[in-house]
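Got your viewer open? Let's take a walk through a structure together, one selection at a time.

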Amino acid sequence: MDVTTPDEQPEHAIEKQQTTYEDLENHRRLSWLKVFTGGLVLYIFGVFALAATRNTNIFPTVVMLGNFLVPITYVAFFYQRRHLSKLDMPTTSWSFFYGGLLGVLAAATLEPIFLSQRSLFYSFEVGLIEEFAKIIGVLIIAKRCFHDSEMDGLILGAASGMGFAALESTGYAFTAFLNSGGSLSQTVLITLVRGVIAPIGHGTWTAILVSTMFRESGPRKFHINQKVIGAYITVAALHGLWNGLPDVLSLFPDTVFNVFTGQVSVAIVGFYLLWRRYKEAKKLQIERIRQGIQHSGCWK
């Protein structure tokens, strides 16, 4: 007769729960790709419909679809890999909405006040302001919750950052449309460029910062320590380098190659830091279960 001791039962339960989640993750692994391909088909159809009919009523729909496609896909990718997290979709959606709307409004309000157009560190000042603005929505959502799970912070940070990116890209596309005298090709070009670079920037940087904040915090109370401040300075620096490197490197020969190399380097560093946060977050999720730490009821 096989007898399981009380000490062995939790380990068996953990392994069984982990296996269940891994099976679900494998089953849903490509769901984000379905989101992307379905949205891409609709966007292409919308562009052709707009070009053929010149119906300005559908212009906002096409622009928003194009600029929200990659951000939503990015968030779906991480949400489906939340690994033992109880974070739900409504909360993640609210982070996307609050992070984007409040972040854009806060950045638009703070930048004219604190930025110096002639400052040598202009790009880094933008990074400091926008990386702060993007976490405002997360702070509001998680104010009364048990925000001590790094995985929850990573997903909410990615959602907040991508909400910001989606609205910012929509603004760029609309500005390009006006400045070009109503050129559809210019609007599509800006949308495509911003869509390609969207995962490199806002979503990745905010995910790194907020995941660190959640890891260092306790239930219902955020802790701002040296590690959180270090993460904030790091992502703000990456943001500043991303914005400022093209102007600096353009002063040297082989401008295109230098700028491309510089931007790729910044992207690699950001993705590497995010990958480390994600691997650590998965490990901490298992440790939380072994220690008997309950998931927050706020997410339900």
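What follows is a list of stops, each with something to select and something to look for.

**Stop 1: the whole chain**

Start with everything shown as a cartoon, and keep in mind that this is a predicted model. You should find 11 helices and 0 strands. Follow the chain along its sequence and the pattern reads α-α-α-α-α-α-α-α-α-α-α. Of the 300 residues in the chain, 45% are buried. Now think about who touches whom: among contacts with a separation of 6 or more, residues 24 or more positions apart account for 80%.

**Stop 2: helix H2**

Select residues 31-53, which make up helix H2. Here is a quick check you can do with the distance tool. At 1.5 Å a residue, the 23 residues of H2 should span 33 Å, and its end C-alpha atoms are indeed 33 Å apart, so the two agree.

Which residues of H2 are buried? Highlight Gly-39, Tyr-43, Gly-46, Val-47 and Leu-50 to see them. To find what these buried residues pack against, add helix H3 (59-79) and helix H8 (184-197) to your selection.

**Stop 3: Arg-54**

Step just past the end of H2 and you land on Arg-54, which sits in the loop between H2 and H3. Is Arg-54 buried or exposed? With a relative accessible area of 59%, Arg-54 counts as exposed because the cut-off for that is over 50%.

Look at its backbone too. Most residues other than glycine have a negative phi. Arg-54, though, has a positive phi, near 55 degrees.

**Stop 4: H4 and H5**

Next, show residues 89-114 (helix H4) together with residues 122-133 (helix H5). Their axes come within 9 Å and cross at roughly 145 degrees. The crossing is right-handed. Show side chains for the residues that make the contact: on H4, pick Gly-103, Ala-106, Ala-107, Leu-110, Glu-111 and Phe-114. On H5, pick Glu-125, Val-126, Ile-129, Glu-130, Phe-132 and Ala-133. Colour this contact by class and you get 8 nonpolar, 1 polar and 3 charged residues.

**Stop 5: helix H7**

Move on to residues 150-179, helix H7. Try the length check again: the 30 residues of H7 should span 44 Å at 1.5 Å a residue, and the end C-alpha atoms are 43 Å apart, which agrees. Why can H7 be called largely enclosed by the rest of the structure? Because 22 of its 30 residues are buried. Just after H7, click on Gly-181, which takes a positive phi of about 75 degrees.

**Stop 6: H7 meets H8**

Keep H7 on screen and bring back H8. At what angle do the axes of H7 and H8 cross? They cross at roughly 155 degrees and come within 8 Å. Angles over 145 degrees count as roughly antiparallel, so that is the label for this pair. The crossing of H7 and H8 is right-handed.

For the contact itself, select these residues:

- From H7: Ala-165, Glu-168, Ser-169, Tyr-172, Ala-173, Ala-176 and Phe-177.
- From H8: Gln-186, Thr-187, Ile-190, Thr-191 and Arg-194.

By class, this contact has 6 nonpolar, 4 polar and 2 charged residues.

**Stop 7: two residues of H8**

Zoom in on Thr-187, in helix H8. Thr-187 has a relative accessible area of 2%, so it is buried. What is Thr-187 in contact with, leaving aside neighbours within four places in sequence? Phe-59, Val-63, Ala-173 and Phe-177. You can also draw a line between the C-alpha atoms of Thr-187 and Tyr-172: these residues are 15 apart along the chain, and the atoms are separated by 8.5 Å.

Now click on Leu-189, also found in H8. At 45% relative accessibility, Leu-189 counts as partly exposed. From its C-alpha atom to that of Ala-176, 13 residues away along the chain, the separation is 9.3 Å.

**Stop 8: Ile-268**

Finish in helix H11, residues 255-290, where you will find Ile-268. Ile-268 is exposed, with a relative accessible area of 54%. Select Ile-200 as well: 68 residues separate the pair along the chain, yet their C-alpha atoms are 8.5 Å apart.

How values were computed. Residues numbered from 1 in each chain as written. Predicted model: local features only at pLDDT ≥ 70, side-chain atom pairs only at ≥ 80, totals over all residues. Heavy atoms only, no water. Helix = DSSP H or I, 4+ residues; strand = E, 2+ residues; numbered from the N terminus. Expected span 1.5 Å × (residues − 1). Buried < 20%, exposed > 50% of the residue type's maximum accessible area, 1.4 Å probe, protein only. Contact = heavy atoms within 4.5 Å. Axes fitted to C-alpha atoms, helices over the stretch in contact; angles between N-to-C directions. Parallel < 35°, antiparallel > 145°, perpendicular 65-115°, else oblique. Left-handed = near helix turned anticlockwise from the far one by under 90°. Nonpolar A, V, L, I, M, F, W, Y, C, P; charged D, E, K, R; others polar.
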